[in-house]
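User: I have a protein chain open here and would like to go through it. Can you help me read it?

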Amino acid sequence: MAEDDLESLPGVGPATADKLVESGYDSYQSIAVASPGELSNKADIGNSTASDIINAARDAADVGGFETGSMVLERRQQIGKLSWQIDEVDELLGGGLETQSITEVYGEFGAGKSQITHQLAVNVQLPPEQGGLGGGCIFIDSEDTFRPERIDDMVRGLEDDVLEATLADRGIEGSVDDEETMQELVDDVLDKIHVAKAFNSNHQILLAEKAKELAGDHEDTDWPVRLLCVDSLTAHFRAEYVGRGELAERQQKLNKHLHDLMRIGDLFNTGILVTNQVASNPDSYFGDPTQPIGGNILGHTSTFRIYLRKSKGDKRIVRLVDAPNLADGEAVMRVQDAGLKPE
């Protein structure tokens with residue numbers, strides 16, 4: 001949307017329009033879903049003016065009203081399902097990872113959380129007929145986990161029929177047995193993954209805002225952003241806010257961060273995948289004492305919660321802990337050199 005369009009909103013002149021666009025509010029819809037306090041801080045305007053701007057944007061974007069269940073169903077048909085390329089896991093998740101939702105994967109060290117983010121960063125780029133979403137990926141890395149070499153392994157580890165379809169979809173000529181062809185594909189896949197390393201929690205929050213701008217820039221291209229990974233969501237917050245005295249501030253900042261991520265999912269039909277650390281609950285006498293970090297804030301905001309735990313050898317148990325429309329259950333997968341594979 002051009003900046004001049006924003007000037008039709010009450011209280012928005014050229015200077016305010018420039019500030020809004022610079023802050024990522026470049027459409028009626030992005031303004032309509034903002035809070036007055038947020039808009040006030042970003043555009044340096046009063047709360048009352050910000051409220052008037054938001055209300056006018058809601059009218060212009062036609063958001064904020066009631067709709068029928070049939071309309072909701074029709075809108076939900078636009079939601080994409082990203083396949084894990086593992087039938088048992090896809091069945092557990094009702095077809096795969098959903099766009100416009102936050103999927104949280106938590107588990108202990110070495111359970112394979114980062115392996116999932118890498119694999120889905122590859123899978124999202126597959127053609128839709130092969131279970132992908134034909135889009136790119138944004139990867140916010142807070143624990144220095146992203147490894148291009150792992151992406152290379154996982155691309156080469158795809159099934160031959162999936163690779164052949166992917167080569168054809170990208171217009172890359174050659175055979176899956178040809179090293180030059182495969183290297184060209186690997187390089188092309190890496191080019192579609194936008195990686196940023198978060199140095200602290202404030203930087204991580206800023207990167208979420210930058211991710212929104214990046215998703216907007218790619219929205220009308222051949223490779224829109226269809227997956228945003230945060231690995232891990234809670235590491236910096238856990239390290240910087242220590243003790244009960246800082247718990248409230250930590251949860252407030254985490255809550256804002258989650259809603260910034262959720263807004264990206266809603267605006268750009270993007271799947272949000274976050275990994276989470278765990279702690280051991282010493283008061284637990286029965287069952288698994290492992291508990292995810294983040295408390296009720298993260299529990300209520302995550303649409304899907306997946307608990308990943310180790311089993312024998314390279315086996316991992318994928319347990320669906322919470323979902324709005326799916327029954328709890330478990331699936332088994334393997335973490336191998338070639339990526340995530342069926343049992």
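Analyst: What follows goes from the whole chain to one pair of rings. Keep in mind that this is a predicted model.

User: ok, how many helices and strands are there?

Analyst: The protein chain has 15 helices and 13 strands.

User: and what is the radius of gyration?

Analyst: The protein chain has 21 Å. A compact globule of 343 residues would have a value near 20 Å, so the two agree. The C-alpha atoms fill a box of roughly 60 × 60 × 45 Å along the principal axes.

User: how many of the residues count as buried?

Analyst: Of the 343 residues, 50% count as buried. The chain exposes about 16300 Å², and carbon and sulfur atoms supply 46% of that area.

User: what about contacts along the sequence?

Analyst: Take the contacts between residues at least 6 apart in sequence: 63% of these join residues at least 24 apart.

User: new topic, charges. how many of each?

Analyst: There are 31 positive and 62 negative charges, and their mean positions are 9 Å apart.

User: how many aromatic pairs?

Analyst: The count comes to two aromatic pairs. One of them is Tyr 106 with Tyr 307.

User: why is that pair stacked?

Analyst: The ring centres of Tyr 106 and Tyr 307 are 5.1 Å apart. Their planes are at 10°, and planes under 30 degrees apart count as stacked, so the pair is stacked.

User: where do the two sit in the chain?

Analyst: Tyr 106 is in strand E3 (residues 102–106) and Tyr 307 in strand E10 (residues 304–310), 201 residues apart. The pair thus links distant parts of the chain.

User: buried or exposed, Tyr 106 and Tyr 307?

Analyst: Tyr 106 is buried, with a relative accessible area of 7%. Tyr 307 is buried as well, with 7%. The cut-off for buried is under 20%.

Methods
Residues numbered from 1 in each chain as written. Predicted model: local features only at pLDDT ≥ 70, side-chain atom pairs only at ≥ 80, totals over all residues. Heavy atoms only, no water. Helix = DSSP H or I, 4+ residues; strand = E, 2+ residues; numbered from the N terminus. Rg over C-alpha atoms; globule rule 2.2 N^0.38 Å. Buried < 20%, exposed > 50% of the residue type's maximum accessible area, 1.4 Å probe, protein only. Contact = heavy atoms within 4.5 Å. Areas by Shrake-Rupley, 256 points an atom, 1.4 Å probe, with all protein chains shown as cover. Lys, Arg positive; Asp, Glu negative; His and termini not counted. Charge placed at Lys NZ, Arg CZ, Asp CG, Glu CD. Phe/Tyr/Trp six-rings, centres within 6.5 Å; stacked < 30°, edge-to-face > 60°.
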